[in-house]
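Good morning, everyone. Please look at the structure on the screen, and I will walk you through it.

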Amino acid sequence: MENTPPARGRILVVEDDPTVAEVVVGYLHRAGYAVERAADGPAALGRFAALRPDLVVLDLMLPALDGFEVCRRMREHGPVPVIMLTARGDEEDRILGLETGADDYVTKPFSPRELVLRVDSVLRRARAALPADEAGVLSGGGLRLDPAARRAYRDGHVLPLTLREFDLLAFLLRHPGKAFAREELMREVWGWDFGDLSTVTVHIRRLRGKVEQDPARPRLIRTVWGVGYRLDLDAEGAEVAAEVEGTRAGGHHGGADPGRTGPGPAAVRGTPPTGGGSL
């Protein structure tokens, strides 16, 4: 019986503070999960390779290897949901954790019950079966997503998307041309009615880095100023054609803004007025 994991799955908790680790493991056990522990980076990588857990709760500040590096090395073996624990409240650390591939983060001190809810939410999202009308292949703008296989392609090349990046791109592909606020994306993609909206911002930035030809001048995932983001499937082809036509006419179209969506309002652009590709 001990070799049969609970239906809820296996969790690897990586935490060097024995008190925190004991509390987290206890709450997760009571929630029905099988839990393994590791106290440092090398031990975490060893347990990860042997266990192949359904989710990792990963402390940021670890001896030998920090949580950022541990997360990167885990990602080399394939996607796995990661929730980072950090004693720091700095936005830079939280954003770096998300950019490394973490699906969520919890700042110490935290409520163990909240952590369990976050684990439930991330796993539920990872395992969610798509409705029949959403299970088909999604495509457009050079992108192709197979939700059943959880594979994504750009112009025939495989995209190394994390769990959240895949879900975010799939949602946008199902609603092309519609602008969504960050609050809407957090609710529809993450399944959260609360949380730090910078989570959405970071994932949009990471996703652009993987699907755009030039992430600093995005043509697919557009920023709609004062609203949020929109996926423009036809914009890239239309703008390339416009540039070619301008070149044939003698190259005097230099005043055009490649970040604009077309004839829409000037406030809707792919990059901020100050440039630099920031969000």
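What percentage of the 279 residues in the protein do buried residues make up? They make up 46%. Buried means under 20% relative accessible area, exposed means over 50%, and partly exposed is in between, with a 1.4 Å probe and protein chains only.

A word on the source. This is a predicted model, where local features need pLDDT of at least 70, side-chain atom pairs count only at pLDDT 80 or more, and totals for chains, interfaces and linings use all residues. Residues are numbered from 1 along each chain as its sequence is written, and side-chain values use heavy atoms, with hydrogens and water left out.

Now the overview. The protein has nine helices and 13 strands. Both are DSSP runs, numbered from the N terminus: helices are H or I with at least four residues, strands are E with at least two. The protein exposes about 13,600 Å². Carbon and sulfur atoms supply 52% of that area. Such areas come from the Shrake-Rupley method with a 1.4 Å probe, and for residues only the protein chains shown count as cover. Next, contacts, meaning heavy atoms within 4.5 Å. Take those between residues at least 6 apart in sequence: 58% of them join residues at least 24 apart.

On to the sheets. Strands of a sheet pair through backbone hydrogen bonds, either parallel or antiparallel. Here, two strands pair if DSSP finds at least two bridges between them.

Start with the parallel one. Five strands form an open sheet in the order E2-E1-E3-E4-E5. Strand E2 (34-38) and strand E5 (104-107) are at the edges with a single partner strand each, so one side of each has no neighbour in the sheet. On average, neighbouring strands of this sheet are turned by 20 degrees against each other, direction ignored. Axes are lines fitted to C-alpha atoms, for helices over the stretch in contact, and angles run from 0 to 180 degrees between N-to-C directions. Inside the sheet, strand E3 (residues 55-59) and strand E4 (residues 82-86) run parallel, joined by four bridges. Val56 has Val82 in E4 as its bridge partner.

Stay with E5 for a moment. Asp104 sits in that strand. Is Asp104 buried or exposed? It counts as buried, because its relative accessibility is 2%. Leaving out residues up to four places away in sequence, Asp104 touches Val82, Ile83, Met84, Leu98, Arg118, Val122 and Trp192.

Now the antiparallel sheet. It is open, with four strands in the order E6-E7-E8-E9. Its edge strands are strand E6 (138-140) and strand E9 (157-158), and each pairs on one side only. E6 and strand E7 (residues 143-146) pair over three bridges. Gly140 stands opposite Leu143 in E7. Helix H6 (residues 163-174) packs on this sheet and touches E6, E7 and strand E8 (151-154). The direction of H6 makes about 110 degrees with that of E7.

Look at the two hairpins. E6 and E7 have two residues between them, and Gly141 takes a positive phi near 60 degrees. E7 and E8 have four residues between them, and Arg150 in the turn has a positive phi of about 55 degrees. Four bridges pair E7 with E8. One partnership there is Leu145 with Ala152 in E8.

Which side chains of E7 point to the buried face? Leu143 and Leu145 do, while Arg144 and Asp146 point to the other face and are not buried.

That brings us to the cores. A nonpolar core is a set of buried Ala, Val, Leu, Ile, Met, Phe, Trp, Tyr and Cys residues joined through side-chain atoms within 4.5 Å. The largest has 29 residues, and Leu145 and Leu169 are among those with the most contacts inside it. Elements giving two or more residues to this core are E7, H6, helix H7 (182-190), helix H8 (198-211) and strand E12 (228-231). H6 gives the largest share, seven residues. Leu169 touches residues including Leu143, Leu145 and Val211. A second, separate core of 23 residues includes Ala44, Leu45, Leu65 and Phe68.

One last residue in H6: Leu163. Leu163 is buried, with a relative accessible area of 9%. Leu163 and Asp103 are 60 residues apart in sequence but 7.5 Å apart in space, C-alpha to C-alpha.
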